[in-house]
Amino acid sequence: MKYSRFGQKFTSESGIVNLMEDLGEALNVNPDIIFMGGGNPAKIPAMESLFAEKLQQVIDDDEARHKLLGVYQSPQGDEVFCELAAKLLNEEFGWPISAKNIGISNGSQSAFFVLFNMFAGEFSDGSHKTIQLPLAPEYLGYADVGLSENFFKATRPTIELLENREFKYHVDFDQLVVDDSTGALCVSRPTNPTGNVLSDEEIAKLDKIARAKGIPLIIDAAYGTPFPSIIFEDVTPHWNDNTIVVLSLSKLGLPGARTGIVVANEEIIKDFSNINSLTCLSSGNLGPAIAKPLFVDGEVLRASREIVKPFYRQRAKLAADAFREAMGDLPFYIHKPEGAIFLWLWFKDLPITCQLLYQRLKAKGVLVAAGHHCFVGLDEDWQHRHECIRVTYCLDEKILYQGVELIADEVRKAYAGE
Ligand SMILES: Cc1ncc(COP(=O)(O)O)c(C=O)c1O
């Protein structure tokens with residue numbers, strides 16, 4: 001059977017598909033694997049009970065149950081949920097928005113597919129535009145969503161070495177090229193894979209550049225504020241009518257509900273909803289049904305700040321301390337954990353590639369994410385991209401420690417030339 005270009009492009013090797021296969025195998029087929037690779041949020045019992053309680057209320061209510069199971073939502077998404085989300089963002093951050101600025105998607109991943117292809121790719125005048133990722137490395141899930149080739153461009157960051165074996169990437173504005181072939185800028189804040197949080201100053205500069213070019217700045221806030229609030233730095237959330245902020249219920253603990261929330265100007269939301277209807281008729285009801293009561297009285301904010309954030313902050317510290325101890329004096333660094341659910345480890349001058357390290361670790365029963373996949377859109381070869389791995393710390397503590405020991409052992413062997 002022959003596939004179209006679309007069919008060929010979307011069935012070929014892809015980092016995110018491999019990662020999701022690893023995830024599926026570890027979580028569903030072979031649970032003995034120490035799975036430090038994927039982006040599944042941790043199981044936080046207090047959050048699960050909260051969701052269960054809200055879901056039970058929906059199930060027990062005739063009308064609400066029918067709305068959950070028996071109706072298609074309107075293209076933009078559950079109206080009440082859009083109202084509540086707008087109100088929350090308005091009250092929390094003073095963003096001048098209404099329900100018309102909110103669009104619901106089946107997970108934020110599908111929102112990125114639509115948004116990126118709205119702003120980049122082939123244009124009717126024959127030109128081709130790209131999505132610029134100003135701070136490589138970026139979320140590997142972006143890598144293959146473009147309908148055309150050469151869809152992303154990225155800028156190599158500067159590296160600041162910090163105390164305590166830490167380092168931090170910064171946007172290198174001297175190298176950032178935004179020209180007529182740029183369709184939009186996109187950053188995840190906090191960043192998957194590194195846990196970096198772009199400073200207010202960096203965001204203000206990117207905003208200025210985007211406005212000057214008349215292109216949107218897309219901010220992926222899957223881990224950000226106001227929920228799930230897995231952000232350990234005190235930074236200001238940013239939105240204006242040239243910015244598209246994409247939120248998600250996944251990292252709050254609801255990845256199974258597949259709910260993304262797009263916040264943009266009314267025109268973009270209208271067009272986004274149009275495409276959403278074409279591709280999936282309407283978004284699922286489960287996420288909004290569970291989240292609505294949490295949004296009514298701001299409980300989602302309390303839970304994010306008092307349960308979710310402290311949980312991940314404590315885990316990040318525990319994992320970073322464990323790696324520092326296990327690695328001893330090996331030349332390794334951790335990206336400063338400022339948010340999200342991962343540690344990004346850099347093994348300076350590692351004699352083997354991170355892909356080979358990934359394979360060796362897999363053979364030992366530990367799955368990590370090889371870092372080179374995350375330098376989406378960065379064409380130049382850069383040794384650094386083969387020296388990093390991403391590990392999640394959303395594991396049971398005991399298993400996390402076992403994983404850290406196995407990784408340290410394998411890395412030590414690699415430096416010893418074994
Ligand atoms: C930075 C980032 N953006 C978007 C997503 C997509 O999440 P979802 O489709 O579950 O909302 C993820 C998932 O891991 C992510 O890490």
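The predicted model holds 20 aromatic pairs. One of them joins phenylalanine 10 and phenylalanine 113, with ring centres 5.9 Å apart. The planes of these two rings stand at 75°, so the pair is edge-to-face; the cut-off for that class is over 60 degrees. Phenylalanine 10 belongs to helix H1, which spans residues 5–11. Phenylalanine 113 sits in helix H6. The two positions are 103 residues apart in sequence, so the contact ties together distant parts of the chain.

Helix H6 also takes part in the ligand site. The shell around the ligand draws two or more residues from each of two elements, helix H6 (108–119) and helix H8 (250–253). H6 gives the most, with three residues. In total, 13 residues surround the ligand. Ser108, Asp220, Tyr223, Ser248 and Ser250 are the closest. By class, the shell comprises six polar, four nonpolar and three charged residues.

Polar contacts to ligand oxygen involve both backbone and side-chain atoms of the protein. A polar backbone atom of glutamine 109 lies 2.9 Å from an oxygen atom of the ligand. For tyrosine 223, the partner is an N or O atom of the side chain, at 2.7 Å from a ligand oxygen. Serine 248 likewise places a side-chain N or O atom 2.7 Å from an oxygen atom of the ligand. On its own, the ligand has 400 Å² of accessible area, and the protein covers 93% of this.

Empty space inside the protein was examined next. Rolling a probe the size of a water molecule over the atoms reveals where such space remains. The structure holds one cavity of 30 Å³ or more. The volume of the largest cavity is about 140 Å³. Its lining is made up of Trp95, Arg189, Ile219, Ala221, Gly224, Thr225, Ile231, Val235, Thr236, Pro237, His238 and Val245. Seven of these lining residues are nonpolar, four are polar and one is charged. The charged residue is Arg189. Gly224, Thr225, Thr236 and His238 count as polar.

Backbone geometry was also surveyed. Most peptide bonds are trans, and most residues other than glycine have a negative phi. Departures from both patterns occur in loops of the model. The bond between alanine 136 and proline 137 is cis, with omega about 0°. Proline 137 lies in the loop that runs between strand E4 (128–133) and strand E5 (152–154). The loop between E4 and E5 also contains asparagine 150. Phi of asparagine 150 is near 45°, a positive value in a residue other than glycine.

A further cis peptide bond leads from phenylalanine 227 to proline 228. Omega is near 5° for this bond. Proline 228 is placed in the loop between strand E9 (217–220) and strand E10 (243–248).

Terms used:
Residues numbered from 1 in each chain as written. Predicted model: local features only at pLDDT ≥ 70, side-chain atom pairs only at ≥ 80, totals over all residues. Heavy atoms only, no water. 1 Å grid on protein atoms, 1.4 Å probe; cavity = no way out; pocket = protein on both sides within 12 Å on 5 of 7 lines; lining within 4 Å. Points joined across faces, edges and corners; volume = space filled by probe spheres on them. Near = heavy atom within 4 Å. Polar contact = N/O pair within 3.5 Å; in protein donor to acceptor, adjacent residues only side chain to side chain. Areas by Shrake-Rupley, 256 points an atom, 1.4 Å probe, with all protein chains shown as cover. Helix = DSSP H or I, 4+ residues; strand = E, 2+ residues; numbered from the N terminus. Phe/Tyr/Trp six-rings, centres within 6.5 Å; stacked < 30°, edge-to-face > 60°.
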